Amino acid sequence: MSAVLTRRPGLGRLRSARAPLHLACLGFVALVVLAALLAPWAAPDDPNAVDLGNALAGPSPDHLLGVDAAGRDTLSRLLLGARTSLLGPLGVVAFSTVAGVLVGLVAGWRGGWLDSVLSRSTELVFAFPGMLLAILIVSVYGEGLLAPVLALAIAYLPYVSRLTRSLVLAERERPYVSAYRVQGHSAAQICLRHVLPNIAPVVLAQSTINFGYALMDLAGLSFLGLGVPALTPDWGRMVFDGQTAIQHGYPLSAVLPCVLIVLTVVAFNVVGERWADRVARRTP
Amino acid sequence: MTEAVLQVTGLCRAFGSVRAVHEVSFSLPAGGSLGIVGESGSGKTTTARIVVGLEQADAGEVLVRGRARTGRARGRAERLARAREVQMVFQDPYLSLDPRTSVEAVLRETLRLHFPGTDHTTRIRELLDQVGLGTRAADALPRQLSGGQRQRVAIARALAVEPAVLVLDEAVAALDVSVQAQVLNLLADIRERTGVGYLFITHDLGVVRCVTDEVVVMRHGRIVEAGPTTEVLDAPRHAYTRLLLESVPRPGWDPDRIAAARRAL
């Protein structure tokens, strides 16, 4: 399969061929997802309980990972922050995958002028930086998770649609598609029942990689104060809140979310790449 | 003479300045078997693709049971009617089956499309039996089958529609010789039992002699010779047919002389 997944420059050098790295990443992804799911029960404290008298305290039996400048428990905020930090990218990936596959499928299958219109208009989105688009939409619609998620979903759509289109172009030339045509199956039936399931693994691998990038972008947005509302625990927001703590010499509450963001992005990248590799090897 | 089930007249198709098919006419009697032979690029595959409707002709007409199949199919009823007229078995059985669909699912899907509301389980068993596959193969995915088995599945899928004409585009070319013989025997049996007409596209003259009643020789998109198979192969009238016959490797075979004859032609 000739289709190449889109990865960002620095992360493109990560090799997923080594099995221990892949397993570690898969384990980490599972752990983060589990943490997000079980956060309300696993969190030792209320993430928004302010205890100013205890501000900037280091790790203690009461607060395993210390507290931030407002005296809020860092571990609880990290656990509950995983929810927001994963839910946002999930929305981005879900929307961009569904819409991108639809656009790519129609463009690749029909070809002709429709392909030109769809391809050119998605390239137009490509030309516009995703973060800028998000900042623009957030500044128009105000705070909240929905606006940046929608903006990033539109920004990520071209990655998926371009990949889908190239896969569909290759797939529709395969004789089994002709065979189904001769049998009298309609184009929609062939697309949905045969072409889509055959290209899905590669598209989903790209979406997995996109998940990591969307997480990074959303964290960046909330670091700028543009994403989630102020009190919602969120990793990007925590880095922003932790700035003052770093200046006071207590970096834990800002460094930990940073580390989590980086590790999660890398883990999703490696898992997605490895998945794509395996799919590529399996196809005859 | 019996009535022609497939009648092709004056078929033309050009790709840019290349005339892939030019003024091709032939007819296939009901239950008959017609071979189209020629080397690569002679237009035989394009002819086959026009007959099944995967390619559109620039000019000319394809009639099946007296009904025209010109232009694209409009609507579901028309599509299904055309599928029941002509079915096709493709050259490469490794590519003509969806890698994700099991044998039974392939057949069931076709049967459900063409014969909704009937019991498909018996028919599937019947079809598998007809192509010499056991019920054990029913659950297999294409990659678990050999080339010969896959081609049998492709034949069963084509027969499931109960077509009037079956187009076989180099259908045994990708198989090794012993499997080739089995599949050819199978095809002969099926024709005897079902009365389906064969349009056999091939470059292999041995295959033509074995399974066709009549043969058409194509070169550069034109028909150079046509007639009953034994006559054409035993007493070729056209220089190109003689060349094709001499190109088959055998003892005392001289490739240099054939290359010279080809240049002279």
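**Entry 1: contacts and overall form of chain B**

I looked up sequence separation among the contacts of chain B: of those with a separation of 6 or more, 66% come from residues 24 or more positions apart. I note at the outset that the model is predicted.

I then listed the secondary structure of chain B and found 10 helices and 10 strands. I compared the radius of gyration of chain B, 19 Å, with the 18 Å that the globule rule gives for 265 residues; the two are close, so chain B is as compact as a globular protein of that length. Along the principal axes, I find that the C-alpha atoms of chain B fill a box of roughly 60 × 45 × 40 Å. I also recorded burial, and 42% of the 265 residues in chain B are buried.

**Entry 2: overall form of chain A**

I took up chain A with the same headings. I count 10 helices and 0 strands in chain A, and its elements read α-α-α-α-α-α-α-α-α-α from the N terminus on. For the C-alpha atoms of chain A, I noted a box of roughly 75 × 45 × 30 Å along the principal axes. Of the 284 residues in chain A, 45% count as buried. When I restricted the contacts of chain A to residues at least 6 apart in sequence, 71% of them joined residues at least 24 apart.

**Entry 3: H6 against H8 in chain A**

I recorded the geometry of helix packing, since two packed helices are described by the angle between their axes and the distance between the axes. Helix H6 of chain A spans residues 146-172 and helix H8 of chain A spans residues 187-223; I find them packed at an angle of about 155°, with axes 9 Å apart. H6(A) is therefore roughly antiparallel to H8(A), the cut-off for that term being over 145 degrees. I noted the crossing of H6(A) past H8(A) as right-handed.

Which residues of H6(A) and H8(A) meet? On the H6(A) side I listed, among others, Leu152(A), Tyr156(A), Tyr159(A), Val160(A), Leu163(A) and Leu167(A). On the H8(A) side the list includes Val195(A), Ile199(A), Val202(A), Val203(A), Gln206(A), Asn210(A) and Leu218(A). I sorted the residues of the contact of H6(A) with H8(A) into 15 nonpolar, 5 polar and 3 charged.

**Entry 4: H4 against H6 in chain A**

I next examined H6(A) with helix H4 of chain A, residues 112-127. The axes of H4(A) and H6(A) come within 8 Å and cross at roughly 135°, and the two helices are therefore oblique to each other. Here I recorded a left-handed crossing of H4(A) past H6(A).

From H4(A), I listed Ser119(A), Thr122(A), Glu123(A), Val125(A) and Phe126(A); they meet Ile154(A), Ala155(A), Leu157(A), Pro158(A), Ser161(A), Arg162(A) and Arg165(A) in H6(A). The residues of this contact of H4(A) with H6(A) divide into 6 nonpolar, 3 polar and 3 charged.

**Entry 5: the side of chain A that touches chain B**

Lastly, I looked up the contact between the chains: 15 residues of chain A are in contact with 23 residues of chain B. Which helices of chain A each supply at least two residues of the side that touches chain B? I found helix H7 (175-182) and H8 of chain A. H7(A) gives the most to this side of chain A, with 6 residues. By class, I recorded 6 nonpolar, 7 polar and 2 charged residues on the side of chain A that touches chain B. I note that H8(A) thus appears in two entries, as a partner of H6(A) and as a contributor to the side of chain A that touches chain B.

Terms used
Residues numbered from 1 in each chain as written. Chains lettered and ligands numbered in written order. Predicted model: local features only at pLDDT ≥ 70, side-chain atom pairs only at ≥ 80, totals over all residues. Axes fitted to C-alpha atoms, helices over the stretch in contact; angles between N-to-C directions. Helix = DSSP H or I, 4+ residues; strand = E, 2+ residues; numbered from the N terminus. Parallel < 35°, antiparallel > 145°, perpendicular 65-115°, else oblique. Left-handed = near helix turned anticlockwise from the far one by under 90°. Contact = placed C-beta atoms within 7 Å. Nonpolar A, V, L, I, M, F, W, Y, C, P; charged D, E, K, R; others polar. Rg over C-alpha atoms; globule rule 2.2 N^0.38 Å. Buried ≥ 20, exposed ≤ 12 C-beta atoms within 10 Å, placed from the backbone.
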